[in-house]
Amino acid sequence: MAQSGHGHHLEVSKAFAVTDLSVVIVNWNTGDLLSQCVASLRQARPSLSMELVVVVDASTVGRVRDLLREEDGLPLIRHTSNLGFARACNRGIRESRGRCILLLNPDTRVLPGSPEAMLAFMDAHPEAGAAGPALLNPDGSLQPSGGRFPTLRGLLAIHPIIARLFPAPEDPLRRRDFSQVAEVEEVSGACLLIRRSAWEAVGLLDEAFFLYFEEVDWCLRLKQQGWKVYYVPQARVIHHWRSRTDPDPQAQLYHLRSQRYFVRKHFGRGPFLLLTAVCIVVHTCLLAKGLIRWLLMPRPAHRQDLRRSVRLLRVSFGG
């Protein structure tokens, strides 16, 4: 990207922005985790001007207002249905006024000084379009973040057997020293800071991704327009990884749909048809295995697994 392009967007950004940082949180039935997240933000940004935008399902607006009743002037955007993560984030981003926007999962806790560290890094590196912090598990151990874009070989390994037969090459960025700043290709959407001028240049999140891969696609579009993405370990965020999606079988359907769309968008028709064939074979075999198990042992859990296999096979065919 030419320097003149950066300068143009920065001038627009400075004229528009009225605060240092806009934090956009999409809340969907996260309960007390949201209040813990917001409390950590209050403690983490002593010298920043910051606004908080929460996008919340209409059915939980009252509960969220109770949880955040100490937050005066909180912008709270309600919606009537599950819009999907990308679309909900975009609603919050459009309402934001900060020169940088932080997409933050409600199942996170921001450690003191982290917002300041990320903003200071962005100010010192005008080529940076986006950045992510060091992510930590609740026990304080490292949750590796920041790496290469997914490869087609890795995306085709949708089942452990395939992954063992055709292992994808290891990402060298995953072996780096995570205590050091590093230029990476993509960072986790659990906590992603983006410069306003960068998203103005590349556009908002692609709303065709209902859940998963939307931040990877965003980082890829940033890279394609000359922006850089960084991992900034001076900022630290605790992340209750998959606290919402693990118990929900629907997450597997969202992941597969987004994976198929990502391959079609960025790899083309041939790889997309190959992925489709692999998905159909894998999920047909899993469906047959599940049917045999349910016929031999007709338990409720086996019946649920069978239904999930049917739905995954439908998605594999494009349903």
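1. Let's start with how a helix pair gets its angle: an axis is a line fitted to C-alpha atoms, for helices over the stretch in contact, and the angle between N-to-C directions runs from 0 to 180 degrees. Keep in mind as you read on that this is a predicted model.

2. Now try that on helix 11 (residues 269-296) and helix 12 (residues 300-316): they pack at an angle of about 160 degrees, and their axes are 9 Å apart. That makes helix 11 roughly antiparallel to helix 12, because angles over 145 degrees get that label. As for handedness, these two helices cross in a left-handed way.

3. While you're in helix 11, pick out Leu 275, which sits in that helix. Is Leu 275 buried or exposed? Its relative accessible area is 0%, so it is buried. Have a look at Ala 157 too: it is 118 residues away from Leu 275 along the chain, yet the C-alpha atoms of the two are separated by 9.2 Å.

4. Next pair: helix 9 (residues 214-224) and helix 10 (residues 250-267). What is the angle between helix 9 and helix 10? They pack at about 15 degrees, with 11 Å between their axes. That makes helix 9 roughly parallel to helix 10, because the angle is under 35 degrees. Here the crossing is right-handed.

5. Stay with helix 9 for a moment. Of its 11 residues, 9 are buried, so the rest of the structure largely encloses this helix. If you'd like to click through some of them, the buried residues of helix 9 include Trp 218, Cys 219, Leu 220 and Leu 222. Charged names turn up on that list as well, among them Glu 214, Glu 215, Asp 217 and Arg 221. Just past the end of helix 9 comes Gly 226, with a positive phi of about 95 degrees.

6. Now step back to the loop between helix 8 (196-202) and helix 9, where you'll find Tyr 212. Tyr 212 isn't a glycine, but it has a positive phi of about 85 degrees. Phe 213 belongs to that loop too, and it has a positive phi of about 70 degrees, again without being a glycine. How do the two compare in exposure? Tyr 212 has a relative accessible area of 22%, so it counts as partly exposed. Phe 213 comes in at 11%, so it is buried; the cut-off for buried is under 20%.

7. One other residue from the loop between helix 8 and helix 9 deserves a click: Glu 207. With a relative accessible area of 30%, Glu 207 is partly exposed. Which residue is 122 positions from Glu 207 along the chain, with its C-alpha atom 8.2 Å away? That's Phe 85.

8. Last stop, the surface. Ile 161, Leu 165 and Phe 166 make a nonpolar patch there, about 330 Å² in area. Leu 165 is part of helix 7 (residues 160-165). Why does Leu 165 count as exposed? Its relative accessibility is 59%, and exposed means over 50%. Set that beside Leu 275, which is buried at 0%, and you have a leucine from each category to look at in the model.

Key. Residues are numbered from 1 along each chain as its sequence is written. This is a predicted model: local features need pLDDT of at least 70, side-chain atom pairs count only at pLDDT 80 or more; totals for chains, interfaces and linings use all residues. Side-chain values use heavy atoms; hydrogens and water are left out. Patches are made of residues with over 30% relative accessible area and no salt bridge: like charges are joined within 9 Å, nonpolar side chains (Val, Leu, Ile, Met, Phe, Trp, Tyr) within 5 Å. Accessible areas come from the Shrake-Rupley method with a 1.4 Å probe; for residues, only the protein chains shown count as cover. A salt bridge is a side-chain nitrogen of Lys or Arg within 4 Å of a carboxyl oxygen of Asp or Glu. Helices (H or I, at least four residues) and strands (E, at least two) are DSSP runs, numbered from the N terminus. Buried means under 20% relative accessible area, exposed over 50%, partly exposed in between (1.4 Å probe, protein chains only). Angles under 35 degrees count as roughly parallel, over 145 as roughly antiparallel, 65 to 115 as roughly perpendicular and the rest as oblique. A crossing is left-handed if the near helix is turned anticlockwise from the far one by less than a right angle, and right-handed if clockwise.
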